[in-house]
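Work through the exercises below with the sequence and the structure at hand. Each task is followed by a solution in steps.

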Amino acid sequence: MSLQLPTYPQPDERGRFGRFGGRYVPETLIPALDELQAAYTEARNDPAFLNELDRLLKDFVGRPSGLYLAQRLTEHAGGAKIYLKREDQNYTGAHKINNCLAQALLAKRMGKQRVIAETGAGQHGVASATAAALLGLECIVYMGAEDIRRQALNVFRMKLLGAEVREVTSGTSTLKDATNEAIRDWVTNVRDTFYILGSVVGPHPYPAMVRDFQSIIGEEVKVQHQALEGRAVPDAIVACVGGGSNAIGIFAPFAYLPEHERPLLIGTEAAGEGVESGKHAASVAGGRVGVLHGAMMYLLNDDEGQIVPPHSISAGLDYPGIGPEHCLYSETGVAQYVPVTDAQALDALQLLTRLEGIIPALETAHAIHAAVNLARTMRPDQTVVVNLSGRGDKDVAEVMRLLDLGREQDAAPAPRTPEVHA
Amino acid sequence: MTATLTPTTPGAARLHAAFARAKQEGRAAFIPFMTAGYPTAQAFPAVADALLGQADILEVGIPYSDPLGDGPTIQRASEQALAGGTSTRHTLALVRELRSRHDTPIVIMTYVNPIYAVGPREFMRLAQEAGVDGLILPDLPPDQDLEIADLAAEHGMAVTFLIAPTSTPARVKLVAEACTGFLYAVSVTGVTGTREGSALNEVPAMLALARQYARVPVAVGFGVKDAETAAQVAQVADGVVVGSAFINAVKAGQDVGALAASIREGCTQN
Ligand SMILES: Cc1ncc(COP(=O)(O)O)c(C=O)c1O
């Protein structure tokens with residue numbers, strides 16, 4: 001058997017990462033979560049399940065994804081070598097597919113013909129729709145109206161793949177509301193529906209299960225870094241954090257190493273227009289402990305417990321919470337979480353594109369910004385691995401709009417050049 | 001450790017007495033629900049007064065931004081109440097005002113995040129001060145947090161947890177034994193809201209199971225919308241909870257008191 005899912009010391013048997021995590025959900029769902037937990041435990045020890053997952057990850061997704069030395073970006077930073085873990089090379093364009101295929105296989109194994117998913121950037125929705133098409137499952141994706149606007153291309157891809165996209169107009173019309181709606185659907189249809197959750201959030205066992213499925217990213221890094229650098233452990237790892245699945249996928253295989261062997265782990269949170277502006281999605285820097293979507297975590301909520309609408313340029317980071325395992329890492333100093341603004345991300349997107357010919361997702365651009373800053377402070381014999389969580393195809397229309405806006409603002413005081421008609 | 005069963009808290013005693021009084025009158029207890037601050041903070045007290053005129057127990061919801069156990073009706077009501085400035089502390093102040101006019105027991109329905117944000121101890125203190133008799137916690141399975149139930153008891157209040165048609169016998173036992181106010185049985189797998197047709201098929205079997213373990217009255221809610229559905233539920237339950245139907249009535253400008261009176265009538269047991 002070639003694929004094995006790693007085991008970690010967290011969470012405890014009640015689904016707690018320290019004080020974080022748990023299962024704060026309507027009682028209706030508790031039996032379903034117990035059932036899921038049992039099915040997952042059984043599947044992860046079943047060679048038939050693992051072989052099928054392994055085959056799909058290799059032949060359908062195209063794993064392993066590359067670990068690529070970004071030479072020009074490294075020169076630009078002028079410090080440590082910057083490696084890019086190319087999750088953007090995955091079929092469907094992001095790390096999300098790793099988890100979706102695994103959960104969809106689990107759904108099929110559990111005899112559930114109907115799957116639902118929530119999506120922000122649309123990448124998890126596309127990955128869910130893809131897995132559903134591949135396995136012949138009915139698929140419904142909940143997506144906020146605002147995100148539908150920002151991610152029109154992904155909405156069309158989902159529909160083309162045969163999924164039904166349900167527009168969510170409650171609350172802030174973004175990822176958190178799509179997640180609420182998916183949970184409501186699950187509460188209603190729990191007997192025949194499998195909820196494919198897209199990040200390391202939600203009630204236990206989701207944060208642990210999604211982490212296990214995404215850990216292939218970090219496990220591959222060990223092997224690839226060994227081959228390239230003669231040692232398995234890089235000096236630093238940087239990843240963007242929405243709910244935190246791509247970050248956990250690359251962090252977890254290193255996070256439980258003894259402290260002196262552990263790389264510097266840096267998660268980048270979306271700081272939007274700046275943490276002090278109040279318009280951001282930085283749950284560690286600007287939030288406090290609360291409960292959302294079934295788990296206790298750092299959360300943007302006011303002093304009466306109402307969720308504060310997050311803001312980010314990137315739909316996939318536009319979430320008011322952060323996965324419970326990240327909260328534990330932050331509290332215990334295993335990883336650090338730094339805010340990166342919309343403007344910094346937009347600059348980093350253009351930087352990577354110009355220097356390396358790789359257009360990253362807006363989410364990923366947050367990590368690129370922090371990685372360049374970090375590499376600059378390190379020695380040339382050291383390495384920084386950035387999780388290139390996804391490619392920017394989905395974002396080009398939005399980026400074009402944003403850059404055009406910026407140009408108009410810059411040009412505002414000057415008289416406009418009259419258009420010349422031939 | 002399990003949450004201590006404390007039927008001796010003043011809140012629990014008042015709730016149990018309300019169920020007993022209704023039973024004496026040959027009825028299931030009638031428990032209307034309304035979102036605090038709906039339709040507006042100004043108009044809410046009059047709506048609550050109308051409900052309290054008929055209710056055996058009034059359930060007041062703290063409007064919440066992310067109510068994942070609720071359907072569109074209560075969800076929209078929450079959004080409207082929040083937009084009008086009503087949230088946690090304000091809800092407790094509204095309850096306090098209601099208690100100055102009414103002796104009917106009042107329970108608060110709240111998701112857990114407002115409790116954590118205010119601070120569990122501070123929240124309980126404010127609720128006790130407001131005269132709250134009990135808490136209904138739709139996203140808190142009792143084994144998630146035992147402190148909340150103990151703190152509620154310490155502050156004289158009862159707690160109500162929920163069971164659903166999907167609950168296994170072991171879960172029913174655990175939940176039933178943790179309830180000190182009443183046990184809330186959700187009639188359907190689903191969120192709050194009125195439904196077409198009878199949504200009550202699963203209720204009798206669930207209640208038979210619940211009664212093996214519950215030492216408190218058992219109320220049924222979700223999907224009860226009129227005297228007729230209330231009458232069906234009243235044949236098997238000690239209490240009937242009605243929520244979305246009242247929000248719809250307020251929205252439509254109907255006479256909430258008259259609807260409440262007719263549903264209370266429907267709660268007659270025979
Ligand atoms: C490319 C990409 N990166 C990152 C994220 C953020 O999610 P997570 O933090 O779970 O990796 C998303 C979410 O849609 C995404 O599409």
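**Exercise 1: Charges in the two chains**

Task: In this predicted model, find how far apart the mean positions of the positive and negative charges of chain B are.

Solution. Chain B has 19 positive and 26 negative charges, and their mean positions lie 3 Å apart. Turn next to chain A, with 39 positive and 51 negative charges. There the two mean positions are 2 Å apart.

**Exercise 2: Overall form of chain B**

Task: Determine whether the radius of gyration of chain B is close to or far from the value of the globule rule.

Solution. Begin with the secondary structure: chain B holds 12 helices and nine strands. The radius of gyration of chain B is 17 Å, and the globule rule gives 18 Å for 270 residues. The two values are close, so chain B is as compact as a globular protein of that length. Along the principal axes, the C-alpha trace spans about 45 × 40 × 35 Å. As for burial, 65% of the 270 residues of chain B count as buried. The surface that chain B exposes is about 9,100 Å², with 53% of it supplied by carbon and sulfur atoms. Among contacts in chain B with a separation of 6 or more, 74% join residues 24 or more positions apart.

**Exercise 3: The sheet of chain B**

Task: State in which order the nine strands of chain B form the open sheet, and which strands are at the edges.

Solution. Read across the sheet, the order is β5-β4-β3-β2-β1-β9-β8-β7-β6, with parallel pairing. The edge strands are β5 (158–160) and β6 (162–163) of chain B, each of which pairs on one side only. Now take one pair from within this order: β1 (residues 29–35) and β9 (residues 239–242) of chain B are joined in the parallel sense over four bridges. B:Ala29 has B:Gly239 in β9(B) as its bridge partner.

**Exercise 4: Overall form of chain A**

Task: Find what radius of gyration chain A has, and set it beside the value for a compact globule.

Solution. Chain A contains 16 helices and 14 strands. For 422 residues, a compact globule would have a radius of gyration near 22 Å; chain A has 20 Å, which agrees. The C-alpha atoms of chain A fill a box of roughly 65 × 50 × 45 Å along the principal axes. Of the 422 residues in chain A, 63% are buried. The accessible surface of chain A is about 15,000 Å², and 53% of this area belongs to carbon and sulfur atoms.

**Exercise 5: A strand of chain A**

Task: Decide whether the residues of strand β5 (residues 114–119) of chain A are buried or exposed.

Solution. Count the residues: six of the six are buried, so β5(A) is largely enclosed by the rest of the structure. Then check each face. A:Arg114, A:Ile116 and A:Glu118 are buried on one side, and A:Val115, A:Ala117 and A:Thr119 are buried on the other. Strand β5(A) runs parallel to strand β6 (residues 138–144) of chain A, joined by six bridges. In one of these, A:Ala117 has A:Val141 as its partner in β6(A).

**Exercise 6: The surroundings of A:His326**

Task: Establish where A:His326 is placed, and whether A:His326 counts as buried or exposed.

Solution. A:His326 belongs to helix α13 (residues 324–332) of chain A. Its relative accessibility is 0%; buried means under 20%, so A:His326 counts as buried. Leaving out residues up to four places away in sequence, A:His326 touches several residues, including A:Val200, A:Val241, A:Phe251 and A:Tyr337. A:Ser245 is 81 residues from A:His326 in sequence, with the C-alpha atoms of the two 9.7 Å apart in space.

How values were computed: Residues numbered from 1 in each chain as written. Chains lettered and ligands numbered in written order. Predicted model: local features only at pLDDT ≥ 70, side-chain atom pairs only at ≥ 80, totals over all residues. Heavy atoms only, no water. Pairing = 2+ DSSP bridges. Helix = DSSP H or I, 4+ residues; strand = E, 2+ residues; numbered from the N terminus. Rg over C-alpha atoms; globule rule 2.2 N^0.38 Å. Buried < 20%, exposed > 50% of the residue type's maximum accessible area, 1.4 Å probe, protein only. Contact = heavy atoms within 4.5 Å. Areas by Shrake-Rupley, 256 points an atom, 1.4 Å probe, with all protein chains shown as cover. Lys, Arg positive; Asp, Glu negative; His and termini not counted. Charge placed at Lys NZ, Arg CZ, Asp CG, Glu CD.
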